[in-house]
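This report walks through the architecture of a single chain, moving from sulfur pairing to helices, sheets and cores. Please keep the sequence and the model in view while reading.

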Amino acid sequence: MAAAGWYHGDISQVVAEELLAKAGRDGSFLVRDSESVKGAYALCLLFQRHVYTYRILPDDEGLLSVQTIQGIQAKCFRTLPDLIGAYQHPNNGLVAPLLHPVHRPRQDEDSGEAGKGRGLCQAGGREGPAELVTLPADGEDARGWGHTAPCPGAVPSSRTHIPQQLHQRLQEQVHSSPASDFMGFMAEYLSHHLQDLEALCHGHPQLRHLSTALATACRALHSEIDFTLAGLETLARVFDAPVSPRSPAREQVTPPGCSKTIPPPLQGFLSSDPDLEMLLNKISTVNHLLSSLDKKVLKSLQEMVTRHNLALPSVAVAPLPAARPLAVQNFEVKAGKSQRAALTVDVESGTVTVSKRGGSSPEEVIPQDKILQLIKYQSVQGKVRLVCARENQKSLSRDFIFPSARKREAFCQLLQLMKIQHSNLDEPEIISVYVGTWNMGSTPPPRSLASWLTSRGLGRTQDETTACIPHDIYVVGTQENSLGDREWVEFLCASLKTLMAIDYRVVALQCLWSIKIVVLVKPEHQRRISHVHTSSVKTGIANTLGNKGAVGVSFLFNGTSFGFVNCHLASGSEKTHRRNQNYSDILHSLALGDKHLAGFDLTLRFTHLFWFGDLNYRLDMDVQVGPCWWQAGDSGARRARGVTVPSPAQDILTHIVKKEFQALLAVDQLNLEREKSKVFLRFSEGDISFPPTYRYERGTRDSYVWQKSKPTGMRINVPSWCDRILWKSHPETHVVCNSYGCTDDIVTSDHSPVFATFAVGVTSQFVPKEAPGSSPEALACIEWESIEVILKTTSRSKCYIEFHSYCLEEMQRSGENTFQSCDIPGFLKLGWSSKHLPVLNPILPDLEYLGDQHLLLSIKGVESCESFGECCLALRSAIGTTAQQFETFLFHRGQETGSVRGWMRVRVPRGRCGTRERLYEWISFEEDAEPAAEPPMCPTLSPQRLRSRPRSLPEPATGYTNPAYFIFEGVP
């Protein structure tokens, strides 16, 4: 039976409220899956413009009941439709009877809504209640429908429901297949070809239409199998035993096309198409050869060793090559106003040498332990100040100006590396992370990936002096990757070994058809990696096929959690909404990180989350083209192939040639959707200073191809930045993007590979200086003066707050809110006083430990126990004797759902206040009198204010995060 129209599956509370608001009538209702209890449901009911949510819970016997107001005895029902029918009558404990079912919106294929909110995004999520039928019109009887089985006398399932079941079975059988085109073809057959079903109903089991469909789909297999079969037969003959007159006849391999015994169940099926019968013969032969070849070769070699009394020599394992020492690097700089000088950095010896040109001054050698601080100027991009210690004197400051900001960054990276190598720390405090993404276009890669793996090409790239410094972690994401999993991993490892002389270790490999993610680390870091999790989500056709979707990996590096997501979203300039929905499905369904934090938004579960891939967002421009050539006057300019270029397209190419990317980024769909808070809320992205990475003519980077033939017709592809890398980190953590660009010499695909590198601060497992029990334990405490929450909701529910953190022994919970106001339509304002907020005691009281900790807060409804929003707070800025104000966004399932602010204080006992400067904190930024604004992440987004050390400290909260919330303070 079809699912009931009022059952919406796995939609969020925000979506449920939007649907009920559109219905607008008291008594409108819908049912969705519960987010807090597996196997339970949430009944959402509209009354007087407010949404009330009730939990529907199953008992031990599977009976369903609604949690209603006290004093009303709970009623139990065998099926969900029975329960809904009973509550159509008044005085049952709900604020109003269930009068008007709100049905699922009709889904349009091109809108990308297939599967939205109904649990169809395949990631191991449960399906909705089985065998539900549509609720009758208002006032009709609603009893008698089955929840877990069809009720007696129910109308049989219609034939149109069978393709849905077959789609599900297809999804269950296909876990990882690169044949996305073939599986898409079969999915199409299951959806629309019902002729075989009709024939079967009339007693004709031959399935002629399926036979024809398979023969068409497998036509290309003949030539491939003939080629493979010839090679296998040749290899098999090499290892056959010599034929003698007395030896038995050699086993003959049935040649292609010859008759072979066909299993009886397939005889009727294949008799309708001789091509399929021949194909089965070939496949059977290949199967036989493959299954016997390894045994035949092994037997032959064993006989050879025995016959000739050979001994296999022992192979000495060569020692792993040591990492290449870093060469001494020289930088030409200006010292002071005009004097030229040279800076020589020797990472291995740990020294910086200053040599002035044309002067009589001797060289000055500065050991790394005498360098106190490195200060970057913001107004002059190439300027840096070196603060050094001197014996019996105050520190000395020296200013140097580099030819470019790129050279300055290379100098700073080398000094950072020198500090790390010569520190006495047992565990690292900062690591380098490489992230790469490439749509390979179903074509094998070139022999060398050097430019991609060393971040060289276009955009913000690595300087040649630092390009070959090996990163601690490499995360490589690919889409449309036709290589086998093992083959691809071995190719990456071999490439890195050639470039860096290091055998990187594989942390994780996760694949979804042709979407792959590989995580590699240096050998010395392998022991620091733990709690590795992998997951995948399908968002392809009907969210059941893996030609589109995402793969993810998460792990702990000592005490720091990392998450990495590689995705391939829906293609097509017009499918922005579908891409947004793909993002939402992945965000909700990807199972990564600590299971205890599964109720939190995925973007809050990790200290650092990196999201990348072929996001497929295009330039939001309507360009129509016809067939001919256009080429810019500049002989080296990129051109559009096969098109007559009208004015808008010519403008695009002119901007690309002149590197005027900001004008194009202003109409970039991803930037526009981020500005509207549709996707990637509060994520960061490096400045884009490289040309669009799609769609190039294969074999060159000089031409863009604008036209692409599709089954639905000719599609216009405007050059676009489809391939992106974004990240989101907890507040007051250290992460710096050192490069963001694309290659210009890898031309096998119509996409250019994209790379980004990051310097990331990490924490280790803290060891207190005083052993537990050596002295009376003094506890640190986290105290709250007040918390104020504003929710974007039409609910009037009382709420409580859950507090989660790795520094707490267990989750803590507040009391119900002491203040509530819903005077402003669409908003609910809540408040808690200090008496109703718990005092939290961290497991360790040390300042150094608490400075790295974070709290996750979840605002939950008392009746539904479901989250209205979550946020993350850093403890570092709240440590002290006086309360500090905090203010931040609330998120839920990728959407901004409100704001929270308040006052908190972290008390640290005396004797536990010792701390030290981190290695990444000795590089700071000089505040200018009139700071120059940094380029915004999105052209229309407000630029980020410049910050002094540490860079990640938030700005003081002066009001609500969202200007819409100022209405609560009377601001127009």
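## Cysteines and disulfides

A search across the whole structure returns zero disulfides, and it should be said at the outset that the model is a predicted one. Two of the cysteines can be described by their surroundings: cysteine 799 is buried, with a relative accessible area of 0%, and cysteine 865 is also buried, with a relative accessible area of 19%, a value that falls under the 20% cut-off for that class.

## The chain as a whole

The chain contains 17 helices and 39 strands, and of its 972 residues 51% are buried. When contacts between residues at least 6 apart in sequence are considered, 67% of them join residues at least 24 apart. The chain exposes about 45900 Å², of which carbon and sulfur atoms supply 52%.

## Helix 1 and its sheet

In helix 1, which spans residues 13-23, the buried residues are Gln13, Val15, Ala16, Glu17, Leu19 and Leu20. These buried residues pack against strand 1 (28-33), strand 2 (41-47) and strand 3 (50-58), and also against strand 36 (867-874). Glycine 24 follows the helix and has a positive phi, near 75°.

Strands 1, 2 and 3 belong to an open sheet of five strands, whose order is 4-3-2-1-5 and whose pairing is mixed. At its edges stand strand 4 (64-66) and strand 5 (100-101), each of which pairs on one side only. Within this sheet, strand 2 and strand 3 run antiparallel and are paired over seven bridges, with leucine 43 standing opposite tyrosine 54 of strand 3.

## Helix 13 and its surroundings

Helix 13 comprises 14 residues, 576-589, and reaches 20 Å from its first C-alpha to its last, close to the 20 Å expected at 1.5 Å a residue. Because 11 of those 14 residues are buried, the helix is largely enclosed by the rest of the structure. The buried set includes polar and charged residues such as Arg578, Arg579, Asn580 and Asp585, alongside Tyr583, Ile586 and Leu587. Its packing partners are strand 18 (529-538), strand 19 (549-557), strand 20 (560-568) and strand 21 (608-614), together with helix 16 (669-675).

The four strands just named are part of an open sheet of six strands, in the order 18-19-20-21-27-23 and with mixed pairing. Strand 18 and strand 23 (684-685) stand at the edges with a single partner strand each, so one side of each is left without a neighbour in the sheet. Strand 18 is joined to strand 19 by eight bridges, the two running antiparallel, and serine 536 stands opposite valine 551 in strand 19.

## Nonpolar cores

The largest nonpolar core has 50 residues, and those that touch the most other members are Ile473, Phe555, Phe562, Phe564, Phe610, Trp706 and Phe758. Phenylalanine 562, leaving aside residues up to four places away in sequence, touches a set of residues that includes Ile431, Val433, Phe555, Phe606, Phe610 and Val760. A second, separate core of 34 residues includes Cys807, Ala878, Phe886 and Val906. In soluble globular proteins, nonpolar side chains tend to be buried together.

## Strands 30 and 35

Strand 30 (residues 781-791) is mostly covered, with eight of its 11 residues buried. It pairs in the antiparallel sense with strand 38 (residues 895-907) over 10 bridges, where serine 786 has tryptophan 903 as its bridge partner. Strand 30 also pairs in the antiparallel sense with strand 34 (residues 828-833), here over six bridges, and glutamate 788 stands opposite glycine 831.

In strand 35 (residues 854-861), eight of the eight residues are buried, and both faces are covered: His854, Leu856, Ser858 and Lys860 lie on one side, with Leu855, Leu857, Ile859 and Gly861 on the other. Strand 31 (residues 799-804) is joined to strand 35 by six bridges in an antiparallel arrangement, with isoleucine 801 opposite isoleucine 859. Strand 35 is likewise antiparallel to strand 36, to which seven bridges join it, and leucine 856 has cysteine 872 as its bridge partner in strand 36. These two strands, 35 and 36, form a hairpin with five residues between them, and cysteine 865 in the turn has a positive phi of about 55°.

Definitions and conventions
Residues numbered from 1 in each chain as written. Predicted model: local features only at pLDDT ≥ 70, side-chain atom pairs only at ≥ 80, totals over all residues. Heavy atoms only, no water. Buried < 20%, exposed > 50% of the residue type's maximum accessible area, 1.4 Å probe, protein only. Contact = heavy atoms within 4.5 Å. Areas by Shrake-Rupley, 256 points an atom, 1.4 Å probe, with all protein chains shown as cover. Expected span 1.5 Å × (residues − 1). Disulfide = S-S within 2.5 Å. Core = buried A, V, L, I, M, F, W, Y, C linked by side-chain atoms within 4.5 Å. Pairing = 2+ DSSP bridges.
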